[in-house]
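This report describes one protein model, beginning with how its helices pack and going on to a metal site and some single residues.

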Amino acid sequence: MKKKILAMLMASVMVLGATACGGGSEPAADTADLPTVGVLIYKYDDTYISTVRNALEAALEGKAEVIMQDGKGDQATQNDQLDVMIEKGVDVLAVNMVDAKAAAGVVDKAKEAGIPTVFFNREPDTEVIQSYEKAVFIGTNAADAGKMQGDLVKKIFDANPAYDLNGDGKVQYVMFQGEPDNPEAIARTQYSVEQAEVNGVVMEQIGETQVCNWDTEMAQKAMEAMLAANEGKIELVLANNDGMAIGCVAALSNIGYNTGAEGAGFIPVIGVDATDAAKDAIANGTMSATVLQDGQAMGNAIAAVCVNMAAGSEALADTEYVFDETGVCVRIPYAPYEG
Ligand code: CA
């Protein structure tokens with residue numbers, strides 16, 4: 001809080017100065033007048049999150065000072081970074097948890113320091129967010145991305161009956177999951193298949209769900225093994241994110257599928273995120289579809305809410321956002337993307 005006091009002192013000095021000159025004009029904008037937003041990112045090396053943090057920084061330009069830290073996928077590291085930010089007396093925290101289950105510890109510390117906290121992307125338990133009157137969450141509705149994948153399955157197989165390679169009227173699919181315990185990953189895995197079935201598609205899983213930590217290389221290796229073990233039997237790839245979907249496309253193109261070349265074999269691959277790499281793959285005909293997780297919109301929302309909360313205003317004051325039924329969560333909508 002030292003910074004705040006200093007800022008107040010400086011502001012008074014400037015006001016005194018202005019009065020002394022008889023001008024009475026507003027002091028010139030200076031970073032000392034701006035609130036400080038402490039941003040904790042679960043890891044920089046994540047394509048979607050990179051979009052979010054770039055958008056967030058851009059949206060806060062001129063409105064706040066930003067301190068940002070890379071948790072590098074390690075909750076202990078992020079906890080240390082949190083302590084430093086609290087010591088520095090940031091005016092608001094924007095937290096992308098490494099492990100959403102560790103959010104109660106973040107809330108305890110933020111509450112003690114009286115710092116408003118905007119969780120985003122990786123969702124803490126609702127009760128944890130509700131336990132602190134200055135905490136909110138900005139994310140998506142995890143089930144929606146899966147449901148949109150399920151709708152895409154129906155649409156793609158209706159439009160291309162030949163994708164049913166063995167002609168048995170069922171879709172033999174493989175599933176690539178982000179992390180074993182991540183609620184977003186679990187929901188995408190579950191609802192993609194359920195929604196396809198709701199749409200009347202008979203789904204039959206090949207092999208075990210491949211947990212590949214959202215990672216392209218890991219998914220590529222797993223897909224290579226799946227293809228080797230189930231030659232000619234896989235008719236669809238569902239991946240919780242585009243990073244893994246792109247890994248699967250690479251594995252397929254290594255055996256001559258999904259190369260985008262005329263006459264090459266093709267197995268539909270559906271991801272989530274609409275990363276640039278996935279959009280390119282869809283444009284090149286090597287991947288079928290994805291679900292747009294709008295990182296730009298997410299970054300803008302986090303910025304607006306942080307500025308409000310840093311100023312002590314209502315979290316959603318003067319914004320287009322609304323809380324869902326929990327009263328503490330804002331949901332940024334997904335959209336299907338087929339190029
Ligand atoms: Ca089939």
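## Helix packing, calcium site and selected residues

H2 and H11 are oblique to each other. This holds for a predicted model, in which helix H2 spans residues 47-60 and helix H11 spans residues 295-310. Their axes are 7 Å apart and form an angle of about 45 degrees. An angle counts as roughly parallel under 35 degrees and as roughly perpendicular from 65 to 115, so a value between these ranges is called oblique. The crossing of H2 and H11 is right-handed.

On the H2 side, the residues that meet H11 are Tyr48, Thr51, Val52, Ala55, Leu56, Ala59 and Leu60. Their partners in H11 are Gly295, Gln296, Met298, Gly299, Asn300, Ile302, Ala303 and Val307. By class, the residues of this contact between H2 and H11 are 10 nonpolar and 5 polar, with no charged residue.

A second helix pair is formed by H8 and helix H9, the latter covering residues 242-254. H8 and H9 pack at an angle of about 45 degrees, and their axes are 7 Å apart. They are therefore oblique to each other, and their crossing is right-handed. H8 contributes Thr216, Ala219, Gln220, Met223, Glu224 and Leu227. These meet Gly243, Met244, Ile246, Gly247, Cys248, Ala250, Ala251, Leu252 and Asn254 in H9. The residues in the contact of H8 with H9 comprise 9 nonpolar, 5 polar and 1 charged.

Gln220, in helix H8, can be looked at singly. Neighbours within four places in sequence aside, Gln220 is in contact with Gly247, Ala250, Ala251 and Asn254. Val201 is 19 residues from Gln220 in sequence, and the two C-alpha atoms are 27 Å apart in space.

Which residues coordinate the calcium ion? The donors are Asp164 (OD), Asn166 (OD1), Asp168 (OD), Lys170 (O), Gln172 (OE1) and Glu235, the last entering twice through OE, at 2.3 to 2.5 Å. Along the sequence, the spacing of the donor residues is D-x1-N-x1-D-x1-K-x1-Q-x62-E. Asp168 lies in the loop between helix H6 (142-159) and strand E6 (170-177), and Glu235 in the loop between helix H8 (216-229) and strand E9 (236-239), so the pair ties together parts that are 67 residues apart in sequence.

Ala277 belongs to helix H10, which runs over residues 276-283. Its C-alpha atom is 12 Å from that of Asn241, and Ala277 and Asn241 are 36 residues apart in sequence.

The accessibility of four of the residues discussed is listed here.

| Residue | Relative accessible area | Class |
|---|---|---|
| Asp168 | 33% | partly exposed |
| Glu235 | 1% | buried |
| Gln220 | 21% | partly exposed |
| Ala277 | 42% | partly exposed |

Gln220 is classed as partly exposed at 21%, because buried means under 20% relative accessible area.

For the protein as a whole, there are 11 helices and 13 strands. Along the principal axes, the C-alpha atoms fill a box of roughly 85 × 35 × 35 Å. Of the 339 residues in the protein, 49% are buried. Among contacts with a separation of 6 or more, 70% are between residues 24 or more positions apart.

How values were computed. Residues numbered from 1 in each chain as written. Predicted model: local features only at pLDDT ≥ 70, side-chain atom pairs only at ≥ 80, totals over all residues. Heavy atoms only, no water. Axes fitted to C-alpha atoms, helices over the stretch in contact; angles between N-to-C directions. Helix = DSSP H or I, 4+ residues; strand = E, 2+ residues; numbered from the N terminus. Parallel < 35°, antiparallel > 145°, perpendicular 65-115°, else oblique. Left-handed = near helix turned anticlockwise from the far one by under 90°. Contact = heavy atoms within 4.5 Å. Nonpolar A, V, L, I, M, F, W, Y, C, P; charged D, E, K, R; others polar. Donors = N, O, S within 2.8 Å, 3.2 Å for Na, K, Ca; no water. Buried < 20%, exposed > 50% of the residue type's maximum accessible area, 1.4 Å probe, protein only.
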